[in-house]
Amino acid sequence: MEASDMMNLSGIEAPIQLSDLRLEFPTYGGAVKAIDGVSITVGKGEIVGLVGESGSGKSVTAMSIIRLLPPDSQRIVGGSISVLGRDMLQLSEGELQSVRGDDVAMVFQEPMNALNPTMRIGDQLRQVIRRHQKVSEAEATARALELLRDMRIGDPDRVLRNYPFELSGGMRQRILLAMAFSCRPDVLIADEPTTALDVTIQAQVLALMQQKARETGSSVLFITHDMAVVAQLCDRVYVMYAGQVVEQGTTEEVLYTPQHPYTQALLRSLPELAEPQQPLPTIQGLVPNLIDPPAGCRFRERCHFAHQRCHEMPEMLAADGTGRAARCWLLDPTNPEREAALEQGRQAQRPDPLPRAELQSGGTLLEIQNLEVRFPVGADWRGRPKAFVHALNGVDLELRRGETLAIVGESGCGKSTLGQSIMGLLTPTAGKVVFSGKDLHNLPPQQMRELRRRFQVVFQDPQSSLNPRMPVWKAITEPLLVAEKLPARARRERASELGRQVGLNPDHLERYPHEFSGGQRQRIAIARALALQPDLLVLDEPTSALDVSVQAQILNLLLRLKRELGLTYLFITHDVSVVRHVADRVAVMYLGQVVELGSAPEIIEAPQHPYTRTLLRSVPELSRRRELAPADLQGELPNNTRLPDTCFFRDRCRYAASGCEQLQSLTTASDGRLVRCHRHALLPPWSVEQSSDASHEERPAGSAAGR
Amino acid sequence: MISARKGSLLDWGYLWYQVRRSPLMAVGTLIILTVLICTAFAPWIAPHDPNAINLIKRLAPPSLEHPFGTDEVGRDLFSRVIYGSRASVGIGLAIVAISMTIGTSIGAFSGLAGGRTDTVIMRVMDVLLSFPPLVMAMALAAALGPSLFNAMLAIAVVRIPFYVRLARGQALALRERPYVRAAVTFGARPLGIVRRHILPNALAPIIVQSTLDIGLAILTASALSFIGLGAQQPTAEWGAMVSTGRQFLLDQWWYPTFPGLAILVTASGFNLLGDGLRDLLDPRTRVR
């Protein structure tokens with residue numbers, strides 16, 4: 001009936017086989033049933049994805065496979081775990097240790113935490129190699145070099161001598177992959193290994209992982225929250241919700257014809273597939289409490305298709321003759337309520353489209369003129385800085401009243417520094433920020449405080465942007481206390497008004513931030529930003545810390561507020577699909593400069609600057625499965641303490657030619673956008689597929705054209 | 001009746017759960033409660049007047065009438081140990097209260113101000129820290145003149161730099177928090193930020209430190225009394241009692257032993273409580 005059973009019929013036992021695993025975390029309030037009847041099979045040489053939102057139990061499942069969870073904090077109450085034919089629940093700690101590393105390797109999300117900061121990379125690699133293989137020190141070094149070369153690390157001799165802090169995040173993650181593959185493991189468990197990385201680096205790491213796994217025939221269990229990564233990498237997928245697998249099947253099946261209402265809703269809430277600036281379909285309600293989950297289907301209370309039968313827990317039901325299955329009664333053809341439920345669901349889940357808002361771009365609200373910010377590093381004996389980090393290198397931008405300008409770029413590009421300069425949290429080294437005619441950084445303190453009321457900020461992490469010891473109504477109205485000295489009663493009234501505006505229950509405002517979910521906390525932060533009725537909101541990655549279904553709610557809220565209140569947004573993000581959904585105009589940043597600036601649809605549909613092209617090509621896409629291309633971007637981000645005196649992107653650019661050794665300035669392209677590349681008109685037309693504008697054909701022609 | 005929120009300290013079930021999770025903290029709490037009861041109700045608990053001299057019964061061994069024996073002038077040691085808790089624990093609490101208040105204010109201010117102010121304050125603290133604490137306390141107490149009050153002042157001064165450093169570290173970390181930066185963006189002034197955001201959030205580690213410090217303060221006060229710079233006769237104080245009882249250790253073991261045990265048990269009690277509080281206040285170990 002199930003995929004796992006079919007695997008067994010073929011006679012060979014699958015490398016990873018979980019059946020009906022049940023695991024609990026005992027707490028004061030009762031046992032949290034974190035995994036409740038999970039069966040997962042990973043066949044030989046397969047790459048299997050395990051997707052779900054936070055709290056779905058995907059990481060706990062992965063950790064329990066190699067028994068990495070501390071024994072006194074959890075108990076396994078049922079089921080079995082078999083790895084390479086061994087019963088992991090029966091092995092002793094010593095035996096487990098030899099399984100981990102020898103046969104099973106694991107890669108985690110945060111590469112810095114997994115490396116010893118006080119040991120050179122070479123020593124760490126040699127140690128791992130020699131623990132599992134009887135080789136001499138010299139042989140281990142040779143092997144380590146070979147591994148690093150396999151991971152396309154440019155200068156492996158130097159890297160072996162480096163300490164972890166000297167390397168970038170992507171480099172560290174590649175070293176961890178090298179370690180993981182050093183003993184040719186039969187099984188690799190990867191827990192969100194690319195979540196902390198930039199998209200261009202993510203593309204490289206995913207490609208390497210896939211290639212290496214195919215070479216060594218390893219089976220991979222890949223845990224992620226990102227459906228688009230699954231689309232690129234995985235052969236089969238399991239979708240988890242509230243401690244259970246709710247759907248399984250091949251990647252195509254699950255992503256393109258999902259059967260379970262949760263999978264359907266999750267995919268629909270992605271901005272990537274939606275009409276820009278229209279409300280995204282969301283999932284109502286919250287994930288159930290796993291101490292005392294509701295009887296029957298765990299998704300019932302949030303499901304548009306819920307019917308009487310759902311009060312009974314569904315089995316994994318096979319969809320058709322294949323291996324795909326979903327934990328939903330709708331798949332039972334004998335279910336008498338099925339037709340009615342399907343109809344009811346179809347009716348319910350269409351959000352009303354909003355009329356297309358005309359962009360009423362008024363006058364200039366904010367103008368940034370040649371903004372430069374640099375930070376001193378270290379100090380010599382006279383107390384002078386040894387070097388400067390050049391975070392912003394001459395940014396010119398104009399923000400018009402009523403528009404959403406997205407700033408997009410990878411870590412280190414200066415987008416957050418830009419946001420902080422605009423918020424007046426940083427004093428620029430040179431240049432001006434002019435907000436409705438006033439130079440922000442040259443105002444007396446009292447006028448500055450007055451002006452500040454007109455622009456407010458929402459930060460990335462809703463957890464740390466609220467004071468944990470302040471009740472929510474006070475947090476929301478703190479600006480009113482500070483700026484208007486309103487008495488408590490008036491503030492309370494205003495708090496419920498603001499709460500209602502952002503979709504919070506006004507009765508809950510006496511509570512403290514930890515009693516709210518991540519999405520609700522972000523609503524609180526937005527309410528606080530709105531308290532002084534500002535003109536401009538600076539949104540610094542407002543949805544990056546949220547699950548996709550929650551992200552959809554917050555994006556809807558932001559779009560609605562903008563319409564209702566006529567706000568202007570400066571939207572800082574690294575997520576191209578979010579940009580596509582919310583932005584009117586986009587500025588792409590690289591190394592403290594704007595490299596391309598224009599209307600959002602134009603830039604995303606047809607990028608011109610080579611960096612924008614690389615960036616967009618690296619973004620994993622749900623709608624299209626394509627081969628992973630590892631070598632699109634060479635090298636690392638240049639060191640921003642010593643800026644190149646050529647085009648900043650030249651060393652990594654596949655179209656580099658003569659003329660690129662000069663600093664580039666923003667020039668206006670034929671369609672009115674600004675591009676910082678002197679050859680933008682000569683570049684081949686944009687295509688997502690790399691092969692159609694292969695660099696080796698392009699280079700000689702380009703250099704001729706560039707004279 | 002107060003409705004206890006789940007997971008709060010008014011929820012008896014939750015308290016019992018914490019006790020089972022960390023029995024040592026429960027032991028510490030019990031010790032502290034016992035000591036505090038002794039301090040508050042000494043006249044009712046002590047069977048004798050602590051200063052009543054009875055030369056006939058001098059240096060009597062522990063008996064039913066004198067559970068801890070008597071000293072060289074026949075005073076009841078049990079009563080003196082109970083009354084001694086007033087001096088010792090009182091001085092411990094006072095020392096910590098003084099050094100915590102002053103130290104935390106200086107530290108929070110220094111951390112938030114930054115720059116030159118911060119540098120100057122911290123170098124002064126470094127100078128204070130560079131003396132061995134006991135030697136420093138001895139010097140101060142000797143200069144001020146031997147009395148319990150002066151010993152208290154001396155030890156409080158010595159403990160201030162520890163709180164300054166702790167509070168400054170907290171302020172440095174907290175001022176980078178998004179909620180503090182958000183407060184800057186709507187124009188909040190430094191004093192308001194310290195009051196609304198820094199102090200409430202910096203307090204947990206400072207309270208833990210102060211609990212651990214009470215034990216240390218009691219020990220230091222006893223040490224000063226032991227060398228004659230603290231409590232003076234006839235005040236009952238544990239350190240002073242150990243000091244005079246020391247010469248009787250070989251023949252009348254009970255004289256220095258029981259006051260010494262009182263110091264040991266009380267100091268450990270505060271340390272166990274402090275360790276437990278540290279775990280309890282750590283949000284990562286808290287039950288939601």
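## Chain A overall

The secondary structure of chain A amounts to 23 helices and 24 strands. The radius of gyration of chain A is 27 Å, close to the 27 Å that the globule rule gives for 707 residues, so chain A is as compact as a globular protein of that length. The model described here is a predicted one.

Measured out along the principal axes, the C-alpha trace of chain A covers about 75 × 70 × 50 Å. Of the 707 residues in chain A, 47% are buried. Among contacts in chain A with a separation of 6 or more, 68% are between residues 24 or more positions apart.

## A four-stranded sheet in chain A

Chain A contains an open sheet of four strands, in the order 2-1-4-5 and with antiparallel pairing. Strand 2 (30–42) and strand 5 (86–87) of chain A are at the edges; each has a single partner strand, so one side of each lacks a neighbour in the sheet.

Strand 1 (residues 16–27) and strand 4 (residues 75–83) of chain A are paired in the antiparallel sense, over seven bridges. One position can be followed across to strand 4 of chain A, where A:S82 stands opposite A:Q17.

## Helix 5 of chain A

Helix 5 of chain A runs over residues 121–132. The expected span of its twelve residues, at 1.5 Å a residue, is 16 Å, and the end C-alpha atoms are 17 Å apart, which agrees.

The buried residues in helix 5 of chain A are A:I121, A:Q124, A:L125, A:R126, A:V128 and A:I129. An α-helix has 3.6 residues a turn, so residues three or four places apart point the same way. The packing partners of the buried residues of helix 5 are helix 6 (137–150), helix 7 (156–161) and helix 8 (169–182), which belong to chain A.

## The nonpolar core

The largest nonpolar core holds 270 residues, and A:L570 and A:V588 have the most contacts inside it. Helix 9 of chain B supplies the largest share of this core, with 16 residues.

Leaving aside residues up to four places away in sequence, A:L570 touches A:L399, A:L405, A:I407, A:G419, A:I422, A:L536, A:V538 and A:L539.

## Chain B overall

Chain B has eleven helices and zero strands. Its pattern along the sequence is accordingly written α-α-α-α-α-α-α-α-α-α-α.

The C-alpha trace of chain B spans about 75 × 50 × 30 Å along its principal axes. Chain B has 288 residues, and 45% of them are buried. Of the contacts in chain B between residues at least 6 apart in sequence, 69% join residues at least 24 apart.

## The contact between the chains

The contact draws 25 residues from chain A and 19 residues from chain B. On the side of chain B that touches chain A, the elements giving two or more residues are helix 1 (12–21), helix 8 (178–185) and helix 9 (190–226) of chain B. Helix 8 of chain B gives the most to this side, with seven residues.

By residue class, the side of chain B that touches chain A is made up of eleven nonpolar, five polar and three charged residues. Helix 9 of chain B thus appears both on this side and in the largest nonpolar core.

Technical notes. Residues numbered from 1 in each chain as written. Chains lettered and ligands numbered in written order. Predicted model: local features only at pLDDT ≥ 70, side-chain atom pairs only at ≥ 80, totals over all residues. Pairing = 2+ DSSP bridges. Contact = placed C-beta atoms within 7 Å. Nonpolar A, V, L, I, M, F, W, Y, C, P; charged D, E, K, R; others polar. Rg over C-alpha atoms; globule rule 2.2 N^0.38 Å. Buried ≥ 20, exposed ≤ 12 C-beta atoms within 10 Å, placed from the backbone. Core = buried A, V, L, I, M, F, W, Y, C linked by C-beta atoms within 7 Å. Expected span 1.5 Å × (residues − 1).
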